[in-house]
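Here is a friendly walk through a two-chain model, written to be read with the viewer open. Take it one region at a time and follow along on screen.

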Amino acid sequence: MATVKTHRKAPGLIALFVILAVAPLLAANAFHYDLMIKICLTAIVAVGLNLLVGYAGQVSLGHAAFYAGGAYASALLTQNYEFAPLPAMLTAAVAVGSLAWLVGRPILHLKGHYLSMATLGLGVIAAIVINNEDQITGGPDGLPVAPLSLFGHELSVFGSYEWFGMTITGTQLWYLLAAGALFLAVWLALNLIDSPLGRALRALHGSEIAAQVAGVDTAKYKLRVFVISAVYASVAGSLYAHYSGFITPDIASFGHSIELITIVVLGGMASTYGVILGAAILLLIPQFLTGFQELEMVLFGAILMAVMIFMPRGLVPTIARRFQKEAA
Amino acid sequence: MKTTLKQLAAGAVAALSLGLMAAPALAADTIRIGSFLSVTGPASFLGDPELKTLELYIDKLNEDGGLLGKQVELVHYDDVGDAAKARTFANRLLRQDRVDIIVGGSTTGATMAAVPLIEQAGVPFISLAGAETITTPVKKWVFKTPQSDRQAARRVLIDMKERGITKIGLISGTGGFGASGRNVTKEIAGDMGVEIVADETYNPKDTDVTSQLTRIRGTEGVQAILNFDFGQGPAIVTRNYDQLGIDLPFYQSHGVASDSFLELAGDAANGLRLPASALLVADKLPKSDPQYQVLNRYKNDYEGHYNESVSTFGAYAYDGLQLAIRAIKQAGSTDKAKVRDALESIDGYVGVTGTYRLSADDHMGLDAESFRILEVKDGDWALTQ
């Protein structure tokens with residue numbers, strides 16, 4: 001952990017690009033595309049959350065609140081205030097980022113895991129507000145969301161589009177969008193990790209006191225990365241709202257926050273590619289386990305426990321390390 | 001080198017996992033009924049009896065030779081009460097399993113999340129969830145079997161009017177069910193000549209509502225009190241009502257029409273009235289009642305097979321399945337447009353929940369009269385009249 005690595009970004013990004021480009025070949029129908037789109041959107045949240053958990057060593061137990069914040073803000077702004085989806089998404093991101101800043105600013109001056117408790121509270125409050133303010137949010141029954149449109153062109157999941165003479169379905173176009181967004185999210189995250197901010201974060205993850213002694217304003221950097229990860233969640237939430245066309249308070253639930261943290265831990269903390277795999281696994285497992293309805297939660301728990309016991313660093317870092325040892 | 005290795009590993013796992021998901025071979029000679037229900041999770045009290053009912057009657061159907069000479073296959077997924085998962089599973093039923101009809105959706109959220117996909121795919125869908133928004137405005141492919149809370153509120157107000165009550169106090173939970181019930185009650189009360197003179201709410205997790213009840217009791221002219229909610233809230237309201245010794249007529253909604261409410265509320269429930277499915281009093285109905293047979297057959301089948309007491313939620317699935325079977329029989333095929341048209345033309349199917357008269361303008365087809373007004377007497381349900 002103590003060694004500060006400099007990443008060579010190009011090979012990883014190229015590999016990610018190839019995987020994202022090849023993945024559609026495995027998709028036999030629109031349902032497979034649907035899963036891949038959800039994996040991409042969830043992975044965006046996970047990549048953002050990983051910056052906070054994996055690099056700054058802070059745990060957020062309320063990221064579902066930021067995700068839901070983006071989703072609900074996009075839904076309400078487009079529906080009630082005639083915002084176009086893109087400005088709505090940006091407004092949502094600014095609002096969610098500001099909220100994270102307000103919550104994080106006093107808390108992150110403290111040492112230890114106070115952020116976990118604050119975000120836990122924030123997440124629970126967000127879920128209660130969304131559930132109870134049914135005049136605005138539709139309450140537990142949920143809220144319909146308008147399809148995404150970019151510069152006047154509507155991108156409906158159900159449409160079909162002519163593109164350079166090729167016909168492409170709305171779902172496929174959505175996959176391109178989600179995969180593109182994920183690629184962008186990863187590229188930004190990798191750049192951030194190699195920036196002075198990223199180095200400062202790794203320093204403070206190693207030892208907060210040592211970082212402070214070295215002149216790192218730890219509170220400032222922690223706050224900054226917390227806000228960034230909240231914005232990641234907000235944007236992914238906005239995209240999800242437009243994609244699914246219907247949102248319910250479930251997305252703000254504590255369970256969803258835990259799911260996001262699980263993805264990061266499972267895939268591998270401080271491994272940007274690992275958490276993408278984590279997202280894929282977590283979203284695919286329930287689809288495989290449908291045959292074992294009653295046992296689904298048990299099997300799910302057992303898989304997670306097995307990973308935690310035998311691969312405590314997460315899937316990808318453990319496997320990568322094993323490869324390295326063999327190569328050496 | 002390190003990152004590429006990571007990538008290779010990640011890619012291999014991802015490719016493997018997607019490869020495993022290849023579509024299952026579709027058996028062409030079965031009729032496939034798809035379903036997504038909240039069998040586990042917070043809404044399991046809905047999904048569990050619904051799934052059991054579907055399984056029981058599809059087995060029975062197959063024993064009796066199936067439908068249109070084919071065996072019927074149930075393709076079911078558990079959405080855990082999560083609308084996002086319900087949407088994913090609905091997509092799977094539509095795109096991968098390619099089912100002929102869907103009977104499912106335990107909660108309004110799960111149903112509504114799936115509706116856009118279903119409308120697009122053009123597959124008949126019979127929802128088992130309550131809210132009015134599901135079939136109002138009418139959606140081409142979407143039907144539902146439970147009454148909306150509007151019918152329940154109307155049934156209560158009709159009974160009040162018959163007893164000469166025109167001024168009532170309303171107390172409701174702030175959860176989805178209570179809030180929606182409160183809205184429709186306020187909407188229709190005026191037209192029905194009932195005035196809501198007091199309107200109190202409580203949080204579903206509150207453990208005491210005596211202050212709200214005291215305020216209602218203190219309101220001038222109040223003649224009866226209606227509590228609209230489900231879960232444990234109404235049991236608390238009922239107990240507080242008894243503790244305060246309020247002697248006004250007391251009404252609950254259909255949300256508590258189950259035996260577990262009687263256990264929770266105990267003796268305090270005696271004397272209260274509520275609109276409910278006739279299923280709760282199946283054995284007390286006169287034999288001349290048009291629903292007598294179907295109610296008792298369902299009750300005996302279910303209780304005989306599962307050795308647990310029948311619930312009105314399972315009955316929604318029973319009616320949904322029977323409607324689906326009727327429509328497919330009538331259409332003579334599983335052609336989706338024909339089955340949809342057949343569903344819309346069902347006029348007078350006597351089900352467990354009520355008598356369905358579906359039409360192009362009404363995809364639910366039940367009226368307020370499908371609810372019976374029951375009174376709690378000596379800790380048990382009794383028919384009024």
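Two residues are in contact if their C-beta atoms, placed from the backbone, lie within 7 Å. Please also keep in mind that this is a predicted model.

**A pair of helices in chain A**

With that cut-off in hand, start at helix α2 (residues 30-55) of chain A and helix α10 (residues 218-244) of chain A, whose axes come within 8 Å and cross at roughly 170 degrees. The two helices, α2(A) and α10(A), are therefore roughly antiparallel to each other. On the α2(A) side, the residues that meet α10(A) include A:Ile37, A:Leu41, A:Ile44, A:Val45 and A:Leu52. Among their partners in α10(A) are A:Val225, A:Phe226, A:Ile228, A:Tyr232 and A:Leu239. Sorted by class, this contact of α2(A) with α10(A) holds 18 nonpolar residues, two polar ones and no charged ones.

**Two further helix pairs**

Two packed helices are described by the angle between their axes and the distance between the axes. The table puts the pair you have just seen beside two others.

| Helix pair | Axes come within | Crossing angle |
|---|---|---|
| α2(A) and α10(A) | 8 Å | roughly 170 degrees |
| α1(A) and α7(A) | 11 Å | roughly 170 degrees |
| α2(A) and α3(B) | 8 Å | roughly 155 degrees |

In the second row, helix α1 covers residues 9-22 of chain A and helix α7 covers residues 170-194 of chain A. Their crossing angle makes α1(A) roughly antiparallel to α7(A). Here A:Lys9, A:Leu13, A:Leu16, A:Phe17 and A:Leu20 in α1(A) meet A:Ala179, A:Phe183, A:Val186, A:Trp187 and A:Leu190 in α7(A). The classes in this contact of α1(A) with α7(A) are nine nonpolar, no polar and one charged.

The third row crosses from one chain to the other, pairing α2(A) with helix α3 (residues 83-96) of chain B. The angle again makes α2(A) roughly antiparallel to α3(B). What does α2(A) bring to its meeting with α3(B)? The residues from α2(A) are A:Ala30, A:Phe31 and A:Asp34, and they meet B:Thr88, B:Asn91, B:Arg92, B:Arg95 and B:Gln96 in α3(B). By class, the contact of α2(A) with α3(B) divides into two nonpolar, three polar and three charged residues.

**Chain A as a whole**

Now zoom out. Chain A has 14 helices and six strands. Its radius of gyration is 20 Å, close to the 20 Å that the globule rule gives for 328 residues, so chain A is as compact as a globular protein of that length. The C-alpha trace of chain A spans about 55 × 45 × 45 Å along its principal axes. Of the 328 residues in chain A, 50% count as buried. Among contacts in chain A with a separation of 6 or more, 74% come from residues 24 or more positions apart.

**The domains of chain B**

Chain B is divided into domain 1 (30-147 + 297-368) and domain 2 (150-282 + 371-383). The C-alpha centres of domain 1 and domain 2 of chain B lie 29 Å apart. Each side gives residues to the contact: 14 from domain 1 of chain B and 14 from domain 2 of chain B. The side of domain 1 of chain B that touches domain 2 divides into six nonpolar, five polar and three charged residues.

**A glutamate to look up**

Next, select B:Glu50, which lies in helix α2 (residues 44-63) of chain B. Is B:Glu50 buried or exposed? B:Glu50 is buried, with 30 other C-beta atoms within 10 Å. Leaving aside neighbours within four places in sequence, the residues in contact with B:Glu50 include B:Leu37, B:Ser106, B:Leu128, B:Phe313 and B:Tyr316. B:Leu128 is 78 residues from B:Glu50 along the chain, while their C-alpha atoms are separated by 8.6 Å.

**Backbone details**

Most residues other than glycine have a negative phi, and most peptide bonds are trans. Three places deserve a look with that in mind.

- A:Ala270 has a positive phi, near 65 degrees. A:Ala270 is found in the loop between α11 (254-267) and α12 (272-288) of chain A, and is buried, with 21 other C-beta atoms within 10 Å.
- B:Arg98 also has a positive phi, near 45 degrees. B:Arg98 is found in the loop between α3 and β3 (101-104) of chain B, and counts as partly exposed, with 15 C-beta neighbours inside 10 Å.
- B:Thr136 and B:Pro137 are joined by a cis peptide bond, with omega about -5 degrees. B:Pro137 is found in the loop between β4 (125-127) and β5 (142-144) of chain B.

Technical notes
Residues are numbered from 1 along each chain as its sequence is written. Chains are lettered from A and ligands numbered from 1 in the order in which they are written. This is a predicted model: local features need pLDDT of at least 70, side-chain atom pairs count only at pLDDT 80 or more; totals for chains, interfaces and linings use all residues. Helices (H or I, at least four residues) and strands (E, at least two) are DSSP runs, numbered from the N terminus. The radius of gyration is taken over C-alpha atoms; the globule rule is 2.2 Å times the number of residues to the power 0.38. A residue is buried if 20 or more other C-beta atoms lie within 10 Å of its own, exposed if 12 or fewer, and partly exposed in between; C-beta atoms are placed from the backbone. Axes are lines fitted to C-alpha atoms, for helices over the stretch in contact, and angles run from 0 to 180 degrees between N-to-C directions. Angles under 35 degrees count as roughly parallel, over 145 as roughly antiparallel, 65 to 115 as roughly perpendicular and the rest as oblique. Ala, Val, Leu, Ile, Met, Phe, Trp, Tyr, Cys and Pro count as nonpolar, Asp, Glu, Lys and Arg as charged, and the others, Gly among them, as polar. Domain bounds come from an automatic or database domain assignment.
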